[in-house]
Amino acid sequence: MTTRPATLADLDRIAPLFDAYRQFYEQPADLATATQFLRDRLTRHESQILLAEDGAGQAIGFCQLYPVFCSIAAQPIYLLSDLFVTPAARRSGAGRALLLAAERLSAEHGKLRMELTTARTNHTAQAAYAALGWERDEVYLTYTRQTGA
């Protein structure tokens, strides 16, 4: 298994993974929307996407990082927004490899840290994060408010 930065040339390989990721979070299947969303991020250089491939070169997972800033530290950070591994490749080490690749990329790009959120019920992911040294925030609460479509 290998991980590498994805490019526009990988769009047809990562869009189905992104669509499956969105479906995992109870969004309707919509490959066209998934494809356009990723095309926009890559074309505009608004995110970094890492792709995991198995030994046969099949796309089995991805993660997407968005550059943001921490005002308190006055430093740039990455928001690890999306992490997905195909069901058949789970427990293969692909998720771990993507997280470690994201950590290296974050350091290479001069980011202070990475942050992520996950569903309270996603205990498998939480265990993986903890095993790699991610610390659960016990100080701050996250709030959201819809402001548009």
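## Strand pairing

Two strands count as paired here if DSSP finds at least two bridges between them. With that in mind, let's look at this predicted model, starting with β4 and its neighbours. Strand β5, residues 114–115, runs parallel to β4, and two bridges link the pair. Within this pairing, L79 stands opposite E115 of β5.

On β3 the arrangement is antiparallel: β3 and β4 are joined over 10 bridges. One facing pair to look for is C70 and Q75, the latter belonging to β4. As a general reminder, side chains in a regular strand alternate between the two faces of the sheet.

## The β3–β4 hairpin

Together, β3 and β4 make a hairpin, with four residues between the strands. β3 covers 59–70 and β4 covers 75–85. Take a moment with A74, a turn residue whose phi is positive, at about 55°. Is A74 buried or exposed? Its relative accessibility is 61%, so A74 counts as exposed. For a sense of distance, A74 and L116 are separated by 42 residues in sequence and by 19 Å in space, C-alpha to C-alpha.

I72 shares this setting, as it also lies in the loop between β3 and β4. Because its relative accessibility reaches 76%, I72 counts as exposed too.

## A nonpolar patch on the surface

Which residues join I72 in a nonpolar surface patch? The partners are V139 and Y140, and the patch made by these residues and I72 has an area of about 420 Å². The hairpin loop, where I72 is found, thus has a part in this patch.

## Inside the protein

Now for the interior. The largest nonpolar core contains 20 residues, and those with the most contacts inside it are L50, C63, L65, L80, A102, M114 and W134. At least two residues of this core come from each of β2 (48–53), β3, β4, α3 (94–108) and α4 (123–131). Which element gives the most? That is α3, with six residues.

C63 is a good place to zoom in. Leaving aside residues up to four places away in sequence, C63 touches Q48, I49, L50, L80, D82, L83, L98 and A102. Of these contacts, L50, L80 and A102 are, like C63 itself, listed among the residues with the most contacts inside the core.

There is also a second core, separate from the one just described. This core has 15 residues, including A15, L17, A34 and L42.

Key. Residues numbered from 1 in each chain as written. Predicted model: local features only at pLDDT ≥ 70, side-chain atom pairs only at ≥ 80, totals over all residues. Heavy atoms only, no water. Patch = residues over 30% accessible without salt bridge, like charges linked within 9 Å, V, L, I, M, F, W, Y side chains within 5 Å. Areas by Shrake-Rupley, 256 points an atom, 1.4 Å probe, with all protein chains shown as cover. Salt bridge = Lys/Arg side-chain N within 4 Å of Asp/Glu carboxyl O. Buried < 20%, exposed > 50% of the residue type's maximum accessible area, 1.4 Å probe, protein only. Core = buried A, V, L, I, M, F, W, Y, C linked by side-chain atoms within 4.5 Å. Contact = heavy atoms within 4.5 Å.
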